[in-house]
Amino acid sequence: MRPTAIRRTAVAATVMSLALLTAACGSDADDAAGKDDGKAGSASAKPADTSGAKAQTAAELEKASLAQGDVKGHKITKAGPADAVAAADVTADKAACDVFGDALMGAKAGQPAASTQRKVISEPQTGGDKESDDPAEAFKAAFDITTTLATLASYDGKGAEETLAGLRTAATDCASGFTLTAAGSKQKISKIAEVPVKGGEEAVAWTVTVEADGEKTAMKLIQIRKGTTLASLSSLNLGASGAGGDFDMPTAVIDAQAAKLA
């Protein structure tokens, strides 16, 4: 990759990274009025006798949220008030894709009764900061850090099922791409591809390709439902940016969160 391309990729990826890092929903106490997310349940979930199920409380969600030490080789912190971005600040040029954009940026989907969020950042690999004569390899080594926003949201009744069903529908309808505006930055989502994942009672994940100035950046979006609670994990690795660079699913984070929901 040419140095100029690396710079463009770094800028584009950093913009998405900043949007990802700042699109954190705080606890339910920080919930602000946003756009109507009823569209999240536009697709009917499979029939289930959960209409009377109660959402978990904020205190219960805190216990189920990731904490430092839960994922080896990762730093885990709570998202603070300064990280919050309302769902109204995340928009898509296609209405059908709006809910997917919200989830990708870490905004709450639907109308949860309570929610929490954590920032999970992988620690750099030993020796990854060594200098390289190849600019592309040097960039990849320096930024080989995966950042994940882990959001837990709990819903009354079938809210979690309906929210996940709506997200699945949006991913299908928007698989060929759409334009997303988040934190004031406009980005092109060129592809959404489903990838296998396990966890909870339902689980689904996607690799999302983001394009800017001819360069590509991959993001991961994972959803895990357990009862009335939905875990949403959105991940980005700057080191994998450029020329369609992909990165591994944050398996350790996924497994740890699924285990805490069990």
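**Exercise 1. Which strands does helix H5 (residues 159-173) lie across, and at about what angle does it run to S7?**

Solution. The model examined here is a predicted one. Begin at the helix: H5 lies across strand S6 (185-195), strand S7 (202-212), S8 and S9. Then take the direction of the helix against one of these strands, which gives an angle of about 40° between H5 and S7. As a last step, consider the cover on that strand: nine of the 11 residues of S7 are buried, and S7 is thus described as mostly covered.

**Exercise 2. Place the strands in their sheet, and find those that stand at the edges.**

Solution. Start from the inventory of the protein, whose secondary structure comes to six helices and nine strands. Next, write down the order of the open sheet of nine strands, which is S1-S3-S4-S9-S8-S7-S6-S5-S2, with antiparallel pairing. The edges are held by strand S1 (74-78) and strand S2 (90-92); each has a single partner strand, so one side of each is left without a neighbour in the sheet. Finally, add the turn between strands: neighbouring strands of this sheet are turned against each other by 25° on average, with direction ignored.

**Exercise 3. Follow the antiparallel pairs from S6 through S7 and S8 to S9, giving for each the number of bridges.**

Solution. Take first S6 and S7, which run antiparallel and are joined by seven bridges; across this pair, Val 195 stands opposite Ala 205 in S7. The two strands form a hairpin with six residues between them, and in the turn Gly 199 has a positive phi of about 150°.

Move on to S7 and S8, again antiparallel, where 11 bridges make the connection and Ala 212 stands opposite Glu 215 in S8. This hairpin has two residues between the strands, and Asp 213 takes a positive phi near 55°.

End with strand S8 (residues 215-226) and strand S9 (residues 229-237), which run antiparallel and are joined by eight bridges, with Lys 220 standing opposite Ser 235 in S9.

**Exercise 4. Is Ala 150 buried or exposed, and which residues is it in contact with beyond its neighbours within four places in sequence?**

Solution. Locate the residue first: Ala 150 lies in strand S4 (residues 146-154). Its relative accessible area is 3%, and because buried means under 20%, Ala 150 counts as buried. Next, list its contacts, leaving aside neighbours within four places in sequence: these are Leu 66, Thr 116, Gln 117, Arg 118, Val 120, Ser 232, Leu 233 and Gln 257. For one of these residues the separation can be stated, since the C-alpha atoms of Ala 150 and Arg 118 are separated by 5.1 Å although the two residues are 32 residues apart along the chain.

**Exercise 5. How many cavities of 30 Å³ or more does a search of the whole structure find, and which elements give two or more residues to the lining of the largest cavity?**

Solution. The search finds one cavity of 30 Å³ or more, and the largest cavity has a volume of about 90 Å³. Its lining includes Ala 103, Gly 106, Lys 108, Thr 151, Ala 153, Tyr 155, Leu 167, Gln 223, Leu 230 and Ser 232. Sorting the lining by element then shows that S4 and S9 give two or more residues to it.

**Exercise 6. What share of the 262 residues counts as buried, and what share of the accessible surface belongs to carbon and sulfur atoms?**

Solution. Of the 262 residues, 51% count as buried. The accessible surface comes to about 11800 Å², and 51% of this area belongs to carbon and sulfur atoms. To complete the picture, turn to contacts between residues at least 6 apart in sequence, of which 75% join residues at least 24 apart.

Conventions
Residues are numbered from 1 along each chain as its sequence is written. This is a predicted model: local features need pLDDT of at least 70, side-chain atom pairs count only at pLDDT 80 or more; totals for chains, interfaces and linings use all residues. Side-chain values use heavy atoms; hydrogens and water are left out. Helices (H or I, at least four residues) and strands (E, at least two) are DSSP runs, numbered from the N terminus. Buried means under 20% relative accessible area, exposed over 50%, partly exposed in between (1.4 Å probe, protein chains only). Contact means heavy atoms within 4.5 Å. Two strands pair if DSSP finds at least two bridges between them. Axes are lines fitted to C-alpha atoms, for helices over the stretch in contact, and angles run from 0 to 180 degrees between N-to-C directions. Accessible areas come from the Shrake-Rupley method with a 1.4 Å probe; for residues, only the protein chains shown count as cover. On a 1 Å grid over the protein atoms alone, a cavity is a set of points where a 1.4 Å probe fits but cannot get out, and a pocket is an open set with protein on both sides within 12 Å along at least five of seven lines; lining residues have an atom within 4 Å of a point. Grid points are joined across faces, edges and corners, and a volume is the space filled by probe spheres set on the points.
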